[in-house]
Amino acid sequence: MSQDADRKLILPSYRRDDVDAHPPLLSPGYRSTVTRAPQQPLTYLPQRLTEVTGPLLGEGRLGELDHDLTRQHDGEPLGQRIIVHGRVFDGDGRVVPHTLVEIWQANAAGRYRHAADTWPAPLDPNFTGVGRALTDADGRYHFVTVQPGAYPWRNHDNAWRPAHIHFSLFGRAFTQRLVTQMYFPGDPLFFQDPIFNSVRDERARQRMVARYDHAATRPEWALAYEFDIVLRGREATVFEDEDDDE
């Protein structure tokens, strides 16, 4: 990856050539890719100066409680409170400071606050399910949220998505964006999830699974999970199509 003299992050263009480490655009087991995957060779669209220099995404765009999804409403959300933390690294193992990390997720019952999500699970009036934070000087980020629930989707017979949290990492502009998902260890639904299994390399799949962190777990308050993100290189985190909203 490339960085300027001020060490400000410039995320690389998303690549699909390594299908063992990243999911291919066409994964037949994931049914919606059959209709939306490109049918013609991809065309390179050069980015102009205005697309890579603005809008700036930094400290001035964050609210006091953006990182704590349990305190964004008058009441507390239902569900198991969890801490999700980690570090962001570049392909050379260096930490990436001051980069914007966003998350979104279903509530404890497995339902998103979205008009298209209408399955009969309760909405939580005290949980919106979105958060954002900047990595600090050591590349660390930190969120407080609730354990998301599994939810059904109509991809195949009796299909359920494993519990997961979506992550989005930005550079200095919206065109510099990478998206991935964080899963939880020991989930029994991994075997039938075509999104998780579209990543053919087992080691790469496991880099999407968080590690339970007992040292960071707070007694009588919250469990903790550690999820480091590597942007490029042999140990890169698996990134996905930005249009994937499941």
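I began with the second largest cavity of this predicted model, and I noted about 40 Å³ of space in that cavity. I then looked up how many cavities of 30 Å³ or more the structure holds, and there are two.

Next I listed the lining of the second largest cavity, where I found Gln 105, Asn 107, Arg 111, Tyr 112 and Arg 113, together with Leu 123, Asp 124, Phe 127, Thr 128 and Gly 129. I sorted these lining residues by class and recorded three nonpolar, four polar and three charged. Tyr counts as nonpolar in this scheme and Gly as polar, so I entered Tyr 112 with Leu 123 and Phe 127 on the nonpolar side, and Gly 129 with Gln 105, Asn 107 and Thr 128 on the polar side.

I turned to confidence and wrote down a mean pLDDT of 85 for the protein, with 83% of its residues reaching 70 or more. For residues 1–17 I noted that pLDDT stays under 50, and that the model nevertheless has 45 contacts for this stretch beyond four places in sequence.

For the overall fold I counted four helices and 13 strands in the protein. I checked how contacts spread along the chain, and among those between residues at least 6 apart in sequence, 69% join residues at least 24 apart.

Last, I looked at burial and surface: of the 246 residues of the protein, 46% count as buried, while the exposed area of the protein comes to about 13,200 Å², of which carbon and sulfur atoms supply 52%.

Conventions
Residues numbered from 1 in each chain as written. Predicted model: local features only at pLDDT ≥ 70, side-chain atom pairs only at ≥ 80, totals over all residues. Heavy atoms only, no water. pLDDT = per-residue confidence, 0-100. Contact = heavy atoms within 4.5 Å. Helix = DSSP H or I, 4+ residues; strand = E, 2+ residues; numbered from the N terminus. Buried < 20%, exposed > 50% of the residue type's maximum accessible area, 1.4 Å probe, protein only. Areas by Shrake-Rupley, 256 points an atom, 1.4 Å probe, with all protein chains shown as cover. 1 Å grid on protein atoms, 1.4 Å probe; cavity = no way out; pocket = protein on both sides within 12 Å on 5 of 7 lines; lining within 4 Å. Points joined across faces, edges and corners; volume = space filled by probe spheres on them.
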